[in-house]
Amino acid sequence: MGCLSQVAMTARRPAMRSCWMRILVVGAGATGGYYGARLAQAGRDVTFLLRGARAADVRANGLRLTGQGAEQVVPVTVVTVADISGPYDLVLLAVSNGALDAAADDIAGAVGPGTLIVPFLNGMSHMGRLNERFGRAAVLGGVVLAARQLGERGEIISLLPAAKLTIGAQPGPDQPDLTDVTVALAVPGFDLVVSGHILADMWSKWVFIATLAALTCLMRGNVGEIASAPGGEELAPAFLAETAAIAAACGYPLSEGDVRSYTASFTEKDSKLTPSLYRDVLAGHPTESHYVLDDLVRRARDRDIETPLLELAALQLRIYNARAIRAG
């Protein structure tokens, strides 16, 4: 009933199949944990592949969702690598870029000829790595917009109620049928969009995240604090101009609507907006700046595009990361 209630009667047969799709969520952090919990609440056949203390904690205590209303505890099935005995229909990769290679090794036994992989990672470098390992037709593009963070007790804190997932097949001759996937992933708590231009969507998000990360990490403040300071309101559009120029040179120009929307978001004087990368800095954790900023800087240099602000922010974060790693 849970699956059929979300689709039209004309989609009954695909919906029934998708109800039985086996879904493996790799990682139970802020994004993967939240989305996987919503899948479990909607009655999907979902399993979490976890390691060490996180596996033990989630197996014993479930996933704890908080921040928007009363705390919810969602019991879920947890396995480790040794427990995987065959392929799943869908693998949702919700790990950091730095953990991707290890995660790819972990899921090898869970990926069969018909398995589709949906990565929830920032930047674009992970797509090439996954394509090489599992084949381009098996790897979908994914964009997650969800203001979530992991608390000190392992709870998943929702900073804003809205959450959105966009998926789509990469361009190519062997595009998979996403009918069943769409029904399986359409659950309450997440708006789902199937895109015909997923790589452009991913580039657009990368521009957004990179601009926001460079701005807030370099200035050590949230959007409102920066925009309210003398001269601060002009800084965000300057960062955006650099990141958008790189995207355009790589074949993925931002739409005028995205430019207007991003500019408004980055210059709102009452905004407390910060990216997860900046929150990592505040917490003293190493960041993903290598995949978010350094990769963009490299692509700019390859195309002779001058990005002095972006390079300055990337350099500052290289210094910060080295210090954070030394601190353990």
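A residue is taken as buried when its relative accessible area is under 20%, and in this predicted model Arg64, at 11% relative accessibility, therefore counts as buried. Arg64 is found in strand E3, which spans residues 63–66. When residues up to four places away in sequence are not counted, Arg64 touches Asp57, Glu71, Gln72 and Val73, and it also touches Arg153, Gly154, Glu155 and Ile156.

The interior was next examined through its nonpolar cores. In soluble globular proteins, nonpolar side chains tend to be buried together. The largest nonpolar core of the model comprises 62 residues, of which Leu24, Val26, Leu93, Ile107 and Leu293 touch the most other members. Helix H7 gives the most to this core, with 13 residues. The surroundings of Leu93 illustrate the packing: leaving aside its neighbours within four places in sequence, Leu93 is in contact with Val26, Leu100, Ala103, Ile107 and Ile117, and further with Val118, Pro119, Phe120, Leu121 and Leu130. Apart from the largest core lies another one, of 38 residues, which includes Val25, Val76, Leu116 and Ile167.

Helix H7 (residues 198–219) also packs against helix H13 (residues 308–326), the two axes coming within 9 Å and crossing at roughly 60°. That angle makes H7 oblique to H13, and the crossing of the two helices is left-handed. On the H7 side the contact is made by Ala214, Cys217 and Leu218, whereas H13 provides Leu310, Leu312, Ala313, Gln316 and Leu317. By class, the residues of the contact of H7 with H13 divide into seven nonpolar and one polar, with no charged residue among them.

Helix H13 is also approached by helix H9 (residues 235–249), with axes that come within 8 Å and cross at roughly 95°. Because angles of 65 to 115 degrees count as roughly perpendicular, H9 and H13 are roughly perpendicular to each other. The contact is made by Leu235, Ala238, Phe239, Glu242, Thr243 and Ile246 of H9, together with Pro308, Leu309, Leu310 and Ala313 of H13. The residues of this second contact divide into eight nonpolar, one polar and one charged. Leu310 and Ala313 of H13 are thus listed in the contact with H7 and again in the contact with H9.

Two loop residues were examined for their backbone conformation. Most residues other than glycine have a negative phi. Arg220, however, has a phi near 55°, a positive value in a residue other than glycine, and it is found in the loop between H7 and helix H8 (223–228). At 36% relative accessibility, Arg220 counts as partly exposed. Asp304 likewise has a positive phi, of about 60°, although it is not a glycine. This aspartate, Asp304, lies in the loop between helix H12 (289–302) and H13, and it is exposed, with a relative accessible area of 70%.

A further position was considered in helix H10 (residues 256–266), where Val259 lies. At 31% relative accessibility, Val259 counts as partly exposed. Not counting residues up to four places away in sequence, Val259 touches Leu240 and Leu254. The C-alpha atoms of Val259 and Phe120, which are 139 residues apart along the chain, are separated by 23 Å; Phe120 itself is among the residues in contact with Leu93.

Key:
Residues numbered from 1 in each chain as written. Predicted model: local features only at pLDDT ≥ 70, side-chain atom pairs only at ≥ 80, totals over all residues. Heavy atoms only, no water. Axes fitted to C-alpha atoms, helices over the stretch in contact; angles between N-to-C directions. Helix = DSSP H or I, 4+ residues; strand = E, 2+ residues; numbered from the N terminus. Parallel < 35°, antiparallel > 145°, perpendicular 65-115°, else oblique. Left-handed = near helix turned anticlockwise from the far one by under 90°. Contact = heavy atoms within 4.5 Å. Nonpolar A, V, L, I, M, F, W, Y, C, P; charged D, E, K, R; others polar. Core = buried A, V, L, I, M, F, W, Y, C linked by side-chain atoms within 4.5 Å. Buried < 20%, exposed > 50% of the residue type's maximum accessible area, 1.4 Å probe, protein only.
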